[in-house]
Amino acid sequence: MTVRPRPELTRIAGAVPRVAVAAAAALALTACGGGDDGDKAGTSASGGTSAASGAFPVTVEHKYGSTTISAAPKKVVTLGLSDQDAVLALGVTPVGSVDWFKEQPYGKWPWAKDKWGTDAPKIVGERDEYNMEKIAALKPDLIIAQYSGMKKEQYETLSKIAKVVAQPKGAEDYQADWQVMTRQIGKSLGKEAEAGKLIDGIDERFKAVRDKHPEWKGKTVAVGEPYEPGKFSAFSPNDPKLKFFAGMGFGTSEGYRTALGKENIADLSSERLDVMEADRTVWLGTAETEQAMKADPLYAKTKVSQEKRDLFLPYDNPDIGAALSFNTVLSIPYAIDQVVPKLEAIK
């Protein structure tokens with residue numbers, strides 16, 4: 001089994017070269033006068049947020065230690081692929097973000113469009129390849145990187161620019177629970193209570209689905225994406241897309257979990273379509289990839305195909321695949337409205 005980064009879904013593999021990081025750090029310090037290490041206390045100005053002054057200082061633990069934020073940040077940069085959604089939901093508009101789906105730069109999807117309004121952030125990188133100079137030029141007070149693959153070296157460089165809240169502690173890159181990431185972001189912004197209310201609201205939406213469909217409890221699901229004839233990607237049980245289905249009562253088989261291991265995405269060939277056998281098998285992609293998969297003679301032999309328990313969901317028109325990939329407090333309600341009727345149609 002090999003693991004291949006999917007350009008539209010996850011990070012570009014590989015660490016930033018040390019020389020490039022060192023040079024970026026020097027430029028960053030010149031641009032904004034330097035900053036304290038992310039593990040030390042510092043100050044940031046309040047502006048454009050409803051956070052109570054009494055919420056600060058706050059200390060947020062993460063993959064690379066802990067960061068103390070002394071005041072409500074005025075300028076926030078998000079480096080996680082979907083972090084902007086929770087930030088927007090909490091009433092803060094990021095001044096910078098990274099590109100993930102190029103068709104929707106900075107994540108201006110239907111569920112977030114109204115939150116952005118006419119404000120467009122500066123694009124400061126692609127996935128976890130960050131442009132340190134552009135980030136420094138924005139003079140942020142806070143940098144958030146929850147749904148990311150940020151390396152320790154990048155964290156140390158960015159910490160010379162502003163306070164940095166890296167990936168949640170104890171979670172693999174790109175595999176943290178949306179609830180944990182939302183709480184981390186809420187605490188960082190001094191809006192922990194508001195974040196809790198957002199999470200409760202989503203939990204209620206999921207509960208309503210589970211109550212309506214108790215028959216889904218304990219059923220297994222597999223989520224993949226065909227990318228060329230005879231080849232497909234399978235997503236980790238900890239991937240946001242699988243977490244979404246878990247919220248509605250679905251689980252994964254032992255065989256599926258074993259095949260994925262700790263990887264967030266695994267590349268497999270049609271000979272391993274047994275991995276995708278489940279009570280419900282979900283394929284993300286386009287009309288072309290759906291047609292190719294259905295034309296695969298090996299796929300035609302699978303039980304899930306023969307019994308019509310598979311579900312093909314597009315990335316756009318409507319933006320279901322993107323909503324599942326984000327799996328945030330903003331995208332989840334949209335995804336529920338789109339996916340549940342399609343699941344109900346499978347008997």
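These questions and answers test labels in a predicted model against their cut-offs.

Q: Why is Y174 called buried?
A: Y174 has a relative accessibility of 1%. Buried means under 20%. Therefore Y174 counts as buried. Y174 sits in the loop between strand 8 (163-165) and helix 6 (178-188). Its phi is near 65°, a positive value in a residue other than glycine.

Q: What makes K308 exposed?
A: The relative accessible area of K308 is 63%. Exposed means over 50%, so K308 is exposed. K308 also has a positive phi, about 55°, although it is not a glycine. Its place is the loop between helix 12 (303-306) and strand 13.

Q: How do you know that E307 forms a salt bridge with R309?
A: The closest N and O atoms of E307 and R309 are 2.7 Å apart. The cut-off is within 4 Å. The pair therefore counts as a salt bridge. R309 is buried, with a relative accessible area of 14%. E307 counts as partly exposed at 46%.

Q: What makes E344 and K212 a salt bridge?
A: Their N to O distance is 3.3 Å. A salt bridge needs a distance within 4 Å, so E344 and K212 qualify. E344 lies in helix 14 (residues 331-344) and K212 in helix 7 (residues 192-212), so the pair ties together parts that are 132 residues apart in sequence.

Q: Why is K212 called exposed and E344 partly exposed?
A: K212 has 58% relative accessibility. Exposed means over 50%, so K212 is exposed. E344 has a relative accessible area of 24%. Partly exposed lies between the 20% and 50% limits, so E344 is partly exposed.

Q: How do you know that R127 forms a salt bridge with E126?
A: The closest N and O atoms of R127 and E126 are 2.0 Å apart. Within 4 Å is enough, so this pair is a salt bridge. R127 is buried at 5% relative accessible area, whereas E126 counts as partly exposed at 24%. A search of the whole structure finds 12 salt bridges.

Q: Why does D141 have no salt bridge?
A: The nearest side chain of opposite charge is K74, 6.5 Å away. A salt bridge needs a distance within 4 Å, so D141 has none. D141 is buried. This residue lies in the loop between helix 4 (132-137) and strand 7 (142-144).

Q: What makes the reach of D141 to K74 and K75 polar contacts?
A: The side chain of D141 reaches the backbone nitrogen of K74 at 2.7 Å. It reaches the backbone nitrogen of K75 at 2.8 Å. A polar contact needs N or O atoms within 3.5 Å, so both reaches meet that distance limit.

Q: What makes strand 12 and strand 13 a pair?
A: Five bridges join strand 12 (residues 280-285) to strand 13, and the two run parallel. Pairing needs at least two bridges, so these strands pair. The bridge partner of V282 is L311 in strand 13.

Q: Why are strand 11 and strand 13 called edge strands?
A: The open sheet of five strands has the order 11-10-9-12-13, with mixed pairing. Strand 11 (265-269) and strand 13 (310-314) each pair on one side only. Neighbouring strands of this sheet are turned by 30° against each other on average, direction ignored.

Conventions:
Residues numbered from 1 in each chain as written. Predicted model: local features only at pLDDT ≥ 70, side-chain atom pairs only at ≥ 80, totals over all residues. Heavy atoms only, no water. Helix = DSSP H or I, 4+ residues; strand = E, 2+ residues; numbered from the N terminus. Axes fitted to C-alpha atoms, helices over the stretch in contact; angles between N-to-C directions. Buried < 20%, exposed > 50% of the residue type's maximum accessible area, 1.4 Å probe, protein only. Lys, Arg positive; Asp, Glu negative; His and termini not counted. Polar contact = N/O pair within 3.5 Å; in protein donor to acceptor, adjacent residues only side chain to side chain.
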